[in-house]
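User: Hi! Could you walk me through a structure I have just opened?
Analyst: Happy to, let's put it up.

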Amino acid sequence: MRVETLGDGDPEVAIVGGIHGDEPCGPNAVDDLLEADFDIQRPVKLIVANEEALEAGVRYLEEDLNRAFPGDPDADTHEGRLAHELLREIRGCDILSLHSTQSYAAPFALVDEMDGYARSVCPYLSVEAVVETAGYSTGRLIAYPNVVELECGIQRSAAATENAKQLAREFLVATGVLSGETGSGRHHPLPVFRLERQIPKPVGDRYEVFVENFERVAEDEAIAAVDGEELFSETPFYPILLSAYGYENEFGYAGDLVGRLDGDEPAVPARESASARADGRNR
C-alpha cells in the first residue's frame with residue numbers, strides 16, 4: 001500500500017484508489033494530484049491500496065479487497081491483511097474511494113446510506129446519480145462512516161481516468177482541501193436510488209443485457225438473456241450496476257428511485273422525485 005500526504009499536519013481527508021487492481025483510474029487520479037501544484041488549505045492523505053494486484057493487472061490476488069473489510073492483521077490472505085491496514089490508515093478521515101465498472105460509462109456515487117456526509121459531498125460531484133447500498137455493504141469500505149465510493153466510468157478506459165481526476169479535485173474542493181467554488185454545474189436535482197435485490201445470473205456461456213442502468217424497467221420487460229433465452233422482469237424496477245459479465249453469479253441489482261438531492265437541501269420523497277423526472281426516466 002502506498003500512502004502520500006499533501007499539506008502539513010494530520011490529514012482528516014483521504015482519497016483511496018486501487019482497491020481493485022484492474023481499475024487503474026483511481027491510482028492514475030492519485031498520481032495526477034501528486035504531480036499538480038496546489039495551494040493546499042488542509043492536509044489530505046492519498047492512498048493506492050492494492051499495489052500488488054495493480055502491478056499484476058488483476059482484480060485481487062487472493063480475496064476481493066472490497067469484500068474483506070474489516071480484515072485482520074493475521075488473516076490468511078493478502079487482501080485480508082491489507083483491509084485491516086487500510087482501515088487503520090484512514091481512521092477518522094472523510095473518504096473518497098475511486099472505482100470503475102463494466103456496467104455504465106458515466107460517473108455515479110455509492111454510499112451506505114444518505115447521511116449527512118453523503119449529503120454534504122455528493123451534490124458537488126459530477127455524477128449522474130447516488131445509490132444507497134445498505135444491506136449490500138457487508139465487507140465493503142462504504143459500510144464504514146464517512147465514505148463515498150465513485151464509479152468513474154468503464155473499467156480501464158481513458159474516460160474513467162479523466163473522470164476520476166476531475167472527481168478527485170471536486171471532492172478536494174468540497175472538503176476544503178483546495179480553495180474554489182463547489183458545484184458540478186448540474187442544473188437538476190441528483191436522483192437517489194436504493195439497491196433492493198440482486199438479479200441472479202443463471203449458468204450459461206453467453207450473456208446479454210437489454211436494459212439501461214438507471215432507466216425504469218416495466219413489468220414483463222425482457223431484461224437479459226442467457227444463451228439466447230430471455231429473462232423478464234416480474235415487477236418494475238431501476239437497473240443498477242447491470243452488465244453481462246461484470247459479476248460472476250448475478251447480472252447486477254434491481255433498485256428503486258427513493259428521492260432526489262439538491263446541493264443545499266435533503267433528499268425528498270421518491271414520489272415527488274419520480275414525478276419530477278418522469279419524462280426522462282419512465283418509458
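**Cysteines, a sheet and pockets**

User: How many disulfides does the structure hold?
Analyst: It holds 0 disulfides, a disulfide being a pair of cysteine sulfur atoms within 2.5 Å.

User: What kind of model is it, by the way?
Analyst: This is a predicted model, where local features need pLDDT of at least 70, side-chain atom pairs count only at pLDDT 80 or more, and totals for chains, interfaces and linings use all residues. Residues are numbered from 1 along each chain as its sequence is written, and side-chain values use heavy atoms, with hydrogens and water left out.

User: Why no bond for Cys152?
Analyst: Its closest cysteine sulfur, in Cys25, is 4.5 Å away, which is too far for a bond.

User: And why none for Cys122?
Analyst: The closest cysteine sulfur to that of Cys122 belongs to Cys152, and 13 Å is too far for a bond.

User: Is Cys122 buried or exposed?
Analyst: Cys122 is buried, at 0% relative accessibility. Cys152 is buried too, at 0%. Buried means under 20% relative accessible area, exposed over 50%, and partly exposed in between, with a 1.4 Å probe and protein chains only.

User: Switching to sheets: what is the order of the open one with 3 strands?
Analyst: The order is S9-S10-S11, with antiparallel pairing. Strands here are DSSP runs of E with at least two residues, helices are runs of H or I with at least four, and both are numbered from the N terminus. Two strands pair if DSSP finds at least two bridges between them.

User: Which strands stand at the edges?
Analyst: S9 (207-209) and S11 (229-232) do, and each has a single partner strand, so one side of each is left without a neighbour in the sheet.

User: How many bridges join S9 to S10?
Analyst: 3 bridges join S9 to S10 (residues 222-226). Val209 has Ala224 in S10 as its bridge partner.

User: Now the pockets. Which residues lie nearest the centre of the largest pocket?
Analyst: Arg59, Asp64, Arg67, Gly246 and Tyr247, out of 24 lining residues. S4 (94-101) and S7 (147-154) each supply at least two residues of that lining, and S4 gives the most, with 3 residues.

User: How does that lining divide into nonpolar, polar and charged residues?
Analyst: The largest pocket's lining has 3 nonpolar, 11 polar and 10 charged residues.

User: And what does the lining of the second largest pocket have by class?
Analyst: That lining has 7 nonpolar, 3 polar and 1 charged residues. Helix H3 (residues 78-90) gives the largest share of it, 3 residues.

User: How do you define pocket, and the classes?
Analyst: On a 1 Å grid over the protein atoms alone, a pocket is an open set of points where a 1.4 Å probe fits, with protein on both sides within 12 Å along at least five of seven lines, and lining residues have an atom within 4 Å of a point. Ala, Val, Leu, Ile, Met, Phe, Trp, Tyr, Cys and Pro count as nonpolar, Asp, Glu, Lys and Arg as charged, and the others, Gly among them, as polar.
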